[in-house]
Amino acid sequence: MSRPMRFVVCVLVCAVFVFPLVAMLVVAFTPRELIFDGGAGLWPDRWTTANFTGLAETFPVWRWFGNALVIATLTTLLAVAVNLAAGYALAKLRFRGRGLVFIVVLSTLMVPTQAIMMPQFELVARMGLIGFFWAVILPSASTALGVFLARQFFLSIPVELVEAARIDGCNHWTAFLRVVLPLAKPLVAVMSLLAFMTQWNDFLWPLITLRDPDLYTLPVAMSYLQGQFDADYGGLMAMALVSCVPLLVVFVVLQRYFVAGFARSGIR
């Protein structure tokens, strides 16, 4: 394909992905009466912020936003730390059954989340965590995909670097923190983005475990705007727009490492 044709194809593909975001933005700033009488369009005649102010006056939106931010941040920190340590152990340490452990971890990717939800809920309930943030955070503190990405990335790092650090007197933790981890910035960026995005968008598990509406996250709280016979589409799109902002910020900050992290982790 010629360069102009490639440019046209890229523009069309980008338009397909960007259009839902543009529609969400337009509906969020469109007056409620125009949404239902056919007056809404790609560029409405009147713009308003009533959908945002109405949400803030009626619902504790900023509390829900803070809840989602706290849960997603803590989950990301724990998931990155655990997955990095597990991936490093499976890639650089020699111990009996290492291959079997890795196969067992990968096999969990074939198990649907819904299949383990009941025993996972029973475990969390026995720990007395129902109704607390930790009921949402701890089950997501490690993922098979994160362990796989970390292991594949650390396999690409020469073992001679670790051995040189060990000869200089470093133990495994010191070698990991001072030699290997500084080389893993793309991996940390990928794992952080995936963990944050997954937890931020999670709906079903927080709905089950967070019984107090004051503890709800934004995806769960959106159900308040959907009635049995009617829905506040302006408010829904406004809340969805607010919910998208942290993900866009995280992606913009980490995008320089994102492609490199996937490439070096063996994902094609």
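**Pocket, cores and helices: a conversation**

Trainee: Glad to go through this one with you! What volume does the largest pocket have?

Mentor: Happy to help, and keep in mind that this is a predicted model. On that model, the volume of the largest pocket comes to about 970 Å³.

Trainee: Which residues are closest to the centre of the largest pocket?

Mentor: The lining of the largest pocket consists of 31 residues. They divide into 18 nonpolar, 12 polar and 1 charged. Closest to the centre of the pocket are T113, P139, S140, S142 and T143.

Trainee: Which helix supplies the largest share of the lining of the largest pocket?

Mentor: Start with the helices that each supply at least two lining residues: α4, α6, α8 (144-155), α11 and α12 (204-209). The largest share is 5 residues, and the helix behind it is α11.

Trainee: Let's turn to T209. Is T209 buried or exposed?

Mentor: T209 lies in helix α12, and there it touches F121, I130, G131, A135 and V136, leaving out residues up to four places away in sequence. Its relative accessible area is 0%. The cut-off for buried is under 20%, so T209 counts as buried.

Trainee: Now the nonpolar cores. Which element gives the most residues to the largest nonpolar core?

Mentor: That core has 38 residues, and L55, W64, V124, F196, W200, L218 and M239 touch the most other members. Elements giving two or more residues to this core include α1 (3-28), α4 (61-92), α11 (185-201) and α14 (233-264). With 9 residues, the element that gives the most is α14.

Trainee: How many residues are in the other core that lies apart from it?

Mentor: Among the members of this other core are Y88, A91, F176 and A184. The core lies apart from the largest one, and its count is 19 residues.

Trainee: Back to M239: which residues is M239 in contact with, leaving aside neighbours within four places in sequence?

Mentor: M239 is one of the residues that touch the most other members of the largest core. With those sequence neighbours set aside, the contacts of M239 are L55, V61, W64, L218, A221, M222 and L225.

Trainee: One more, on the UniProt annotation. What percentage of the chain is helix over residues 129-154?

Mentor: The unreviewed UniProt entry places the feature "transmembrane region" at several stretches, including residues 7-29 and 129-154. Over residues 7-29 the chain is 96% helix, with end C-alpha atoms 31 Å apart. Over residues 129-154 those end atoms are 34 Å apart, strand is 0%, and helix is 58%.

Technical notes. Residues are numbered from 1 along each chain as its sequence is written. This is a predicted model: local features need pLDDT of at least 70, side-chain atom pairs count only at pLDDT 80 or more; totals for chains, interfaces and linings use all residues. Side-chain values use heavy atoms; hydrogens and water are left out. UniProt positions are given in the numbering used here, feature names are shortened, and annotations may be inferred rather than shown by experiment. Helices (H or I, at least four residues) and strands (E, at least two) are DSSP runs, numbered from the N terminus. A nonpolar core is a set of buried Ala, Val, Leu, Ile, Met, Phe, Trp, Tyr and Cys residues joined through side-chain atoms within 4.5 Å. Buried means under 20% relative accessible area, exposed over 50%, partly exposed in between (1.4 Å probe, protein chains only). Contact means heavy atoms within 4.5 Å. On a 1 Å grid over the protein atoms alone, a cavity is a set of points where a 1.4 Å probe fits but cannot get out, and a pocket is an open set with protein on both sides within 12 Å along at least five of seven lines; lining residues have an atom within 4 Å of a point. Grid points are joined across faces, edges and corners, and a volume is the space filled by probe spheres set on the points. Ala, Val, Leu, Ile, Met, Phe, Trp, Tyr, Cys and Pro count as nonpolar, Asp, Glu, Lys and Arg as charged, and the others, Gly among them, as polar.
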